[in-house]
Structures are given as C-alpha cells and as structure tokens.
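Thank you all for coming this morning. I would like to walk you through one structure, a piece at a time, so please keep the view in front of you as I talk.

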Amino acid sequence: MTRRQPAFRVRKLRRLSRRPALAPAPPGTVSLAMGEPDFPTPPTVIRAAVDALREGRTHYADQKGLPELRTALAAGLPDRPGRTWSADDVLVTHGATAGLAAIVFAMVGTGDRVVIPGPAYSLYADLVTLAGGTVDFVPLAPDLHWDLDALAEALPGATMMIFSNPSNPTGIVHRRSELEALGKLLDGSDALVVSDEAYHRLVHPGNELTSALEVESLRDRTVYVQTFSKTYAMTGWRVGYLAGPRAAVDAAAHIHRTCNGSLNTAVQYAALAALDLPDSAVEAMAEKYRQRREMVIALLSDVPGLHLTAPEGAFYAFLRYDIGLPSETVAGELADRGVIVRAGAEYGPSGEGHLRISFAASEDALRLGLARLVRYFDEARP
Ligand SMILES: Cc1ncc(COP(=O)(O)O)c(C=O)c1O
C-alpha cells in the first residue's frame, strides 16, 4: 500500500467542493436529485451506433471530432451575421463536462478570477479550483435573474464568466436584455464568457431563450457549450461540444486531446443520427417535462414555509425554505424520509436555504417524492 498523499489539488478539491458523489437511490427511496432524463435514447440513435460498430468504425476518430459531425454541428449553431461557422470552429467533447473542463483549463491560470453568478451548476467552481483560479460567486437577484449592479462591480479584471442558460439549478431563463446588459458591462475588457446552454431545447411557455451567440456584444467573446445528454436523453453516451473564438477552441482542443484522446467513434455516428431526429421527437420529451413542471408548481406552490420561483426552463425547481436549517442537513433528513434532493449549498454560498428538485423523474416518483417533502416541512415547522 502506498503512503503517498494525493496531489495538493485533490486535497484542495476535497476541501472546497460541495458536489456529492452520485450513488443509486436505496430501495424504497425516491430520487429527485439527478439531472437524468428518464426517457430512453431514441432507437434510431442506438441503431446508428450499432451500425457504425458493425461497419467497422471502431478506430480512433479525428481528435477534434468527426469532421462530418463538426460540420453538422456548425450548421446548427445560432447565426452570427457576417460570420459563418465551420467545422474548425467546433470541438466535440466527452460530454459538456469535458468541454467545460477543457475551456477552463485552457483559459484560466493560477490566480485568475472567474465570475460565477450563483447559485450555479457546481461543476464550474470545482473546475476553476482545479485550474488554480479563484471563484468569485456573485449572488443572483431575489428573482434568481442576474444582479447586474453586483456583476458590474465584480467583472472588472475577471478572466472569465461562466453561467448556464437555461440555468441549472435555478430553472431561470436569462433574458436577452440581461445578456445585452452583460455585453455592455464587458465592453473594453478581454474577459471570456462561457455560456453553457445544455437545456436550450427545454424552455417553458412564456419564456424565450436567446443564445449568447446571438447577442452582438457577446458573440465574439463567447464560448458556447452544448451537450446531447439532456436534449436527446443521451447522458450515458458522453457527447458534447464547444464552439467559439478560434484561439480559445484550439486551446481547449489541445487540453481535451491531452486528457481524453479522441472521442468514441461509434457514439459520434449516433450523435449525427440524433441531429437528424425530427423536432417532434425532442418536443415530445419537452412536453412531458412541461407537464411535470405544472405538477411541481401545483404541489409546491401553497405549502407554508416553501417558496418556489416557477421554473422558466430546464427540468429543475429551486425551492427556498424557511426552517432555519442548513440545506445539507435538510437534504439528509429528507433522504432519511425517503426522498433524495440536492442541497442548495452545493451551488454556492447563496444557494444555502434552498433545495433543488429535478423533475426529470417519472410522474409517480415526483408525486411520491413531493408528498414526502411536503410532509417533512409540515412537521418541521414550529
Ligand atoms: C448546466 C449543465 N451543464 C453541463 C452538464 C453536463 O453535461 P454532460 O452530461 O454532457 O457532461 C450538466 C449536467 O447536469 C448541466 O446541468
């Protein structure tokens, strides 16, 4: 047995990270914790992977991703007047996770400050920590949209800002006006914007998503992050991609090929098949999530002591509670009562006092899990 300690960065990550290791829910317990679509991957996607394997496409792929996949992805990127996207602007990655890691490691150095409006997807802070950067969490406004005054204070001198839109964990869709205001705040700086739009096809009625790539003042500084995981129920396939300024994408490609080599060849053919799915296949899943969202709103809106901001996109409900206990304690007590949710503290300091519920779970799981949650808060209140 070795006596050697893990490297300092592991010790630092263990000290600072609030991301739980994911484990299967124990029998009898309902999990509303995972951002994991409960739909099967569409059969034509599976067939494309099987066919690719049978046809002998079993060797290394281009390290930036199959050229035909990158060409198809480039053709589907949000438009930029005056500039067309090409395959060379796109890097196919091992899920959005590796795409995010590649861009952070490529562009954030020791001591660089990265602004993260929080609560935010907890991977961002962990990656910045691993890269040796400093995380500057900027609390959201009470309506969970950006606090532009706070951002105006934090952004000068920052190397990067990272956010998701629609947002995990808040379920908020940041509006075009917010993105335009961000562009103005960044005018004259060389900060990079990382816009993770993993939930772009899941926007709820009355809301509209503007990609950061569509905002003139942001488009030249934006690295767009995308994944097949959520839109096509392909979490286990591990395909994501990046697009953005060529120098940043090339630097990310260097990191990605160093850490991952090339991506599985057959899954890239599966990804190509996913791009050919009719809109109705994606819409059918989105419609189910919208129905579940209605159910969550109906079941949680009038519960004393709980405050729900209606989700605008993605499949998360972010709940504020007022029983005065830390969110990790509340999540632990809920798990003991048979429902697993995520503690808001995982998503940054301003996530404290909140819980995140995923409605990517089945209706039955949601009904049972939310009933257990409501009963817990009923009993916990004085
Ligand atoms: C906002 C956001 N970005 C990225 C990811 C990771 O996606 P992938 O499965 O492609 O690694 C997730 C997964 O939950 C997410 O919520």
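How many residues surround the ligand, and which are the closest? In this model, which is a predicted one, there are 13 residues around the ligand, and the closest are Gly95, Ala96, Thr97, Thr227 and Ser229. If you ask where this shell comes from, helix H4, which covers residues 95-107, gives the largest share with three residues. Sorted by class, the shell around the ligand holds nine polar residues, three nonpolar ones and one charged one.

Let me turn now to the division of the protein into domains. Domain 1 is made of two stretches, 16-40 and 280-380, while domain 2 takes in 43-275. Between the C-alpha centres of the two domains there is a distance of 25 Å, and in the contact between them 34 residues of domain 1 meet 32 residues of domain 2. On the domain 1 side of that contact, helix H11 (279-300), strand E10 and strand E13 each supply at least two residues, with H11 giving the largest share, namely six. By class, this side of domain 1 has 16 nonpolar residues, together with nine polar and nine charged ones.

Two of the elements I just named, E10 and E13, also belong to a sheet, and this is the part I would like to go through slowly. The sheet is open and has four strands, which follow one another in the order E9-E10-E13-E12 with antiparallel pairing. At its edges are E9 and E12, the latter being residues 342-343, and each of these pairs on one side only.

Going along the sheet, we begin with E9, residues 306-308, which pairs with E10 over three antiparallel bridges; here Leu308 is found opposite Leu319 of E10. On the next step, E10 and E13 (residues 354-358) run antiparallel and are joined by five bridges, and one pair to look for is Tyr316 with its bridge partner Ser358 in E13. Finally, E12 and E13 are paired by two bridges, again in the antiparallel sense, and Arg342 sits opposite Arg356 of E13.

Why can we describe strand E10 as largely enclosed by the rest of the structure? The reason is that, of the six residues in E10, which spans 316-321, five are buried.

Notes. Residues numbered from 1 in each chain as written. Predicted model: local features only at pLDDT ≥ 70, side-chain atom pairs only at ≥ 80, totals over all residues. Buried ≥ 20, exposed ≤ 12 C-beta atoms within 10 Å, placed from the backbone. Pairing = 2+ DSSP bridges. Near = placed C-beta within 6 Å. Nonpolar A, V, L, I, M, F, W, Y, C, P; charged D, E, K, R; others polar. Domains from an automatic or database assignment. Contact = placed C-beta atoms within 7 Å.
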